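User: I would like to go through the terms used for this model and see what each label rests on. Please set the values against the definitions.

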Amino acid sequence: MEQIVSMIGWKTAKTIAGLVGVLIFVVFNALILTWAERKVAGHMQRRIGPKEVGPYGLIQPIADALKLLGKEILTPRAVDRPLYFLAPILIFVPVLVSFIVIPFDASLQVKDINVGILVILAFSSLSVLSILMAGWGSNNKYALIGAIRSVAQNIAYEIPLLLALLPVIMMTNSFSLKAIVEAQKGLWFVFYQPLAFCIYFIASVAETNRTPFDLPEAESELVAGYHTEYSGMRFALFFLAEYTNIFIVSAIAVTFFLGGYQGPFLPGIIWFLLKSYLLVFVIMWLRWTFPRVRFDQLLNISWKALIPLAFINLLLTGGLLKL
Amino acid sequence: MDMVSFKGIIFIIAALIAVAASVLMATRKNPIHSALWMIVTFFAMAVIYLLLNAQFIAVAQVMVYAGAIMMLILFVIMMVQMEKGGKGDPGETGRSAKTKVAGALITVILFGEMLFGALYYQMTGRSGDYPVAMVNSVGNVRTIGSLLYGQYLFPFEIASILLLVGIVGAVVIAKRKE
């Protein structure tokens with residue numbers, strides 16, 4: 001072990017260890033979240049949710065994973081093969097890249113990049129691209145409509161998302177996620193920037209295609225949206241990516257507005273996970289509270305409400321910082 | 001491993017990918033495949049920017065072009081009639097032999113020029129005002145920001161007005177039918 005470390009150098013070894021850790025966390029997180037979503041859904045509808053497999057139904061996600069593994073992987077005849085096969089794999093690239101720069105604790109970060117948040121935002125557009133590839137490659141009208149909706153939605157909501165993050169970047173003078181967390185030693189940025197936090201949160205729910213903004217996969221209109229033609233493990237990959245994305249947007253919200261890993265008594269990582277999963281819970285809560293918006297409403301919320309508000313907020317922040 | 005040669009290997013890989021992807025982009029029949037190969041090209045270019053210590057430009061490149069190409073694909077889906085069989089290229093009929101010859105000639109001349117330049121000139125270049133050490137000490141984004149909004153403010157504003165005119169024009173054309 002030590003020989004290997006000394007051969008490839010300490011830094012590289014640390015990065016590789018971090019990547020392995022990230023992979024394990026991604027799978028673990030998705031398993032927990034599928035279970036949590038069904039429990040939350042159950043209790044909100046006065047049901048119990050899964051309870052048969054394991055205590056409190058905790059082993060249910062593993063049973064589901066085994067079921068998905070055992071299913072036959074169907075490939076429709078008329079699909080655009082390269083795109084159809086690549087899409088579920090490609091959707092994982094942005095997910096893994098994002099985890100590299102997120103600081104879980106003061107020293108628990110795979111790599112601190114000085115354009116950290118930009119890396120996440122740049123690669124997150126890649127996930128929309130793979131949705132588009134899946135939708136087009138499936139050669140199915142429902143999948144294509146879902147994919148087109150997803151692109152329109154993501155382009156509309158990426159702007160308020162960026163504009164809501166900018167005031168924080170202006171206040172800290174840095175794109176590095178770690179520097180942003182360190183700048184919140186005193187007071188969390190959510191108290192300086194409540195409006196930006198609200199805008200970011202709404203936009204991030206839309207970016208992850210969650211209800212009330214789940215038009216790309218609206219079950220009642222589009223069968224399953226962009227992943228209609230996917231089965232077995234390929235479908236599971238889309239599912240896994242969606243749950244990981246929910247965690248990532250929550251983690252960014254925590255890093256930017258809720259003080260990241262900072263908090264009294266408990267170690268940093270516990271605080272970070274607590275805050276992140278609290279936001280994940282809020283996103284699930286939204287799903288079982290609000291009906292789906294119409295497409296014109298969806299775009300109007302972004303272009304006519306969120307973007308102007310974000311611009312005003314940005315201008316005010318800039319003005320106050322210069323005073 | 002020697003750091004310089006490691007960077008050199010990465011550069012060669014990225015450059016080869018960029019060239020291959022752009023050739024594939026130009027030769028695909030299916031416009032959506034073309035657009036996707038273009039994204040591969042841009043990613044390879046982003047790697048080259050990274051090798052040049054320009055992290056911000058690399059990231060901005062991915063961020064801007066990935067979104068732009070998705071719009072391009074959408075336009076392709078909405079506007080272009082795609083033929084089923086793949087035979088009978090619609091662009092082939094309208095193109096005369098003369099334009100083909102002219103195109104081939106220009107390509108050959110340009111390629112010759114490039115070869116000549118690469119073989120007969122020393123391409124070292126002078127060291128600029130912003131060497132790596134200085135940019136790294138100030139910060140990549142900060143250097144670009146202070147240059148763009150300081151020394152080059154006027155060209156920057158002109159370019160943004162140009163983009164604004166483009167947007168206004170698009171809206172005017174879209175609204176004319178009503």
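Analyst: A contact means heavy atoms within 4.5 Å. Among the contacts in chain A with a separation of 6 or more, 77% join residues 24 or more positions apart. The model is predicted, so local features need pLDDT of at least 70 and side-chain atom pairs count only at pLDDT 80 or more, while totals for chains, interfaces and linings use all residues. Residues are numbered from 1 along each chain as its sequence is written, chains are lettered from A and ligands numbered from 1 in the order in which they are written, and side-chain values use heavy atoms, with hydrogens and water left out.

User: What makes up chain A, in helices and strands?

Analyst: Helices (H or I, at least four residues) and strands (E, at least two) are DSSP runs, numbered from the N terminus. On that basis chain A has 14 helices and zero strands. The order along the sequence is α-α-α-α-α-α-α-α-α-α-α-α-α-α.

User: Why is chain A called as compact as a globular protein of that length?

Analyst: The radius of gyration is taken over C-alpha atoms, and the globule rule is 2.2 Å times the number of residues to the power 0.38. For 323 residues the rule gives 20 Å, and the radius of gyration of chain A is 20 Å, close to that value, so the label applies. Along the principal axes, the C-alpha atoms of chain A fill a box of roughly 60 × 60 × 45 Å.

User: How much of chain A counts as buried?

Analyst: Buried means under 20% relative accessible area, exposed over 50%, and partly exposed in between (1.4 Å probe, protein chains only). By that measure, 52% of the 323 residues of chain A are buried.

User: What makes the phi of N173(A) and of N209(A) worth a remark?

Analyst: Most residues other than glycine have a negative phi. N173(A) has a positive phi, near 60°, and N209(A) has a positive phi near 60° as well. N173(A) lies in the loop between α7 (141-172) and α8 (177-182) of chain A, and N209(A) lies in the loop between α10 (194-207) and α11 (219-222).

User: Are N173(A) and N209(A) buried or exposed?

Analyst: N173(A) is at 54% relative accessibility, so it counts as exposed. N209(A) is at 4%, so it counts as buried.

User: How do you know that E37(A) and R287(A) meet in a salt bridge?

Analyst: A salt bridge is a side-chain nitrogen of Lys or Arg within 4 Å of a carboxyl oxygen of Asp or Glu. For E37(A) and R287(A) the N to O distance is 3.1 Å, which meets the rule. This pair links distant parts of the chain, 250 residues apart, with E37(A) in helix α2 (residues 10-44) and R287(A) in helix α13 (residues 268-287) of chain A. E37(A) is buried because its relative accessibility is 4%, whereas R287(A), at 25%, is partly exposed.

User: What other side chains meet in a salt bridge in chain A?

Analyst: D214(A) and R292(A) meet at 2.8 Å, N to O. They are 78 residues apart, D214(A) in the loop between α10 and α11 and R292(A) in the loop between α13 and α14 (295-322) of chain A. D214(A) has a relative accessible area of 6% and is therefore buried, while R292(A), at 26%, is partly exposed. D296(A) and R294(A) form another salt bridge, at 2.9 Å, and D296(A), at 40%, is partly exposed. Salt bridges that share partners also join E37(A), R210(A), E242(A) and R287(A) into one network. The count over all chains is seven.

User: What makes up the interface of chain B and chain A?

Analyst: Chain B puts 21 residues into the contact and chain A 22. Buried area is the accessible area (1.4 Å probe) that two parts lose on being put together, summed over both. Here it is about 1900 Å², with 86% on carbon and sulfur atoms. The salt-bridge rule finds zero cases across this interface. On the side of chain B that touches chain A, α2 (31-51), α3 (55-79) and α7 (140-151) of chain B each supply at least two residues. The most come from α3(B), with 12 residues.

User: Why is T143(B) called buried?

Analyst: Its relative accessible area is 8%, so T143(B) is buried. T143(B) sits in helix α7 of chain B. Apart from neighbours within four places in sequence, T143(B) touches Y130(B), V135(B) and V138(B).
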